[in-house]
Amino acid sequence: MMNIYINEQQLDTKLDGETNLGQVFDQIQKWIESNGKYLRHFTVNGKELNRSDLDSVGIEDTERLDLYVGEELDVIEDSLVEVDNYVDKVGSTLVGRDSLTEKEAEDLKEGIPWIISMIRTTTKLLNLNLNLIQPMGKGKNVEEILESLNSGSLALDSTKAIESFLEDLRDVKLFLMDLSTRLAVMRLDESELIEIISKFVDQKDKVIKDFMLVNENFQSGKDHLASEILNDAVGRLTGLMSALVSIQTRHTELNWQELSFEDKKLSDLVGQLNTTLSNIASAMEKNDIVYAGDILEYELPEILESLVPFLSLVLEKVTV
């Protein structure tokens, strides 16, 4: 007799005329999806199989079917781990090469669109604009990197082409690390998300001061220290934005698009913040310390000051 388990809990169900494991699997998957959940992976008698294998497996040959189910975020995180592993595999395969085998080229034609699709799905969930994110803090933004990666994968016929492709792949790897950090924030309990937002409100003056310190250190030639402070301060803003997005996705009953304060909207302010951070990165890339300094000392503090009343409103709405 076959036993069926979902997340290690035995399912109390009777078969209804199914003759092979594929039919049973499809019925259970429909039931899982109807409950708003997602299948992460499954095993048959302790072994991982592909769905295509199940039609040839008889029910009488199966002692145990295990299905592991999760939320949308679980599935996305699983997929990002797969993408990260695939990026590593491609990178190690291509280092030092001047051409690809026919099979490697065909595999990449499927693999690269899959990477791009997964990144787009995840960034949509996180409400990120790929045009405004530069993984290295300079150079191409993520949108440009993905376009370059896609076109580059179609013509890897020289050492130079492969080296250029690997540079894009390294940037993708950096961005995947960034996505993992953002998703980790979304994993936090609501009380922890509220703590991140509250802490930012309480320490707003220190955050602003840190950005001004970046400018002071650049002006006095302490570029390395300035970069360290900048990375830390930007990291705090990234955590804040991720916490904000997570709170919004958990409270869809509230009309976040209409949240306004003194004729300003939260969504517009977040857009300004992302654009400003991108402008800082662009100025740094061009070594335009004067322009970067002006943004850090005047534009950014003003935006952060404007953001605090919105954050207080958000806290007020979700802690009533």
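Guide: Accessible areas are obtained here by the Shrake-Rupley method with a 1.4 Å probe. The model under discussion is predicted.

Visitor: What share of the accessible surface of the protein chain belongs to carbon and sulfur atoms?
Guide: The C-alpha atoms of the chain fill a box of roughly 75 × 60 × 30 Å along the principal axes. The accessible surface comes to about 17,700 Å². The part of this surface that belongs to carbon and sulfur atoms is 48%.

Visitor: How many helices and strands does the protein chain have, and what percentage of its residues are buried?
Guide: In secondary structure, the protein chain has 10 helices and 6 strands. A residue counts as buried when its relative accessible area is under 20%. Of the 320 residues in the chain, the buried ones make up 40%.

Visitor: Which helix supplies the largest share of the largest nonpolar core?
Guide: The largest nonpolar core has 39 residues, and Ile-197, Phe-211 and Leu-304 have the most contacts inside it. Helices α6, α7, α8, α9 and α10 each supply at least two of its residues. The largest share, 12 residues, comes from α10.

Visitor: How many residues are in the second, separate core?
Guide: In soluble globular proteins, nonpolar side chains tend to be buried together. Here a second core, separate from the largest one, includes Leu-108, Ile-115, Phe-165 and Val-245. The number of residues in this second core is 34.

Visitor: With which residues is Phe-211 in contact, leaving aside its neighbours within four places in sequence?
Guide: Phe-211 is among the residues with the most contacts inside the largest core. Once neighbours within four places in sequence are set aside, its contacts are Leu-230, Ala-233, Val-234, Leu-237, Leu-296, Leu-300 and Leu-304.

Visitor: Within what arc do the buried residues of α6 fall?
Guide: Helix α6 has 13 residues and reaches 18 Å from its first C-alpha to its last, close to the 18 Å expected at 1.5 Å a residue. Its buried residues are Leu-193, Ile-194, Ile-197, Ser-198, Phe-200 and Val-201. Seen down the helix axis, these residues line one face, because they fall within an arc of 160°.

Visitor: Which exposed residues does α6 carry on the face turned away from its buried side?
Guide: The buried residues of α6 pack against α5, α7, α8 and α10. The face of α6 turned away from that buried side carries the exposed residues Ser-191 and Asp-202.

Visitor: Which residue in β4 does Tyr-5 stand opposite?
Guide: Strand β4 is largely enclosed by the rest of the structure, since 5 of its 7 residues are buried. Strands β1 and β4 run parallel and are joined by 4 bridges. In β4, the residue opposite Tyr-5 is Asp-66.

Visitor: Over how many bridges do β3 and β4 pair?
Guide: Leu-39 stands opposite Val-69 in β4. The pairing of β3 (residues 38-44) with β4 is in the antiparallel sense. The count of bridges between β3 and β4 is 6.

Visitor: What is the relative accessible area of Glu-8?
Guide: Most residues other than glycine have a negative phi. In the loop between β1 and β2, however, Asn-7 has a positive phi near 50°, and Glu-8, in the loop between β1 and β2, has a positive phi near 70°. Asn-7 counts as partly exposed at 35% relative accessibility. Glu-8 is likewise partly exposed, with a relative accessible area of 47%.

Key. Residues numbered from 1 in each chain as written. Predicted model: local features only at pLDDT ≥ 70, side-chain atom pairs only at ≥ 80, totals over all residues. Heavy atoms only, no water. Core = buried A, V, L, I, M, F, W, Y, C linked by side-chain atoms within 4.5 Å. Buried < 20%, exposed > 50% of the residue type's maximum accessible area, 1.4 Å probe, protein only. Contact = heavy atoms within 4.5 Å. Expected span 1.5 Å × (residues − 1). Arc of directions from axis to C-beta. Pairing = 2+ DSSP bridges.
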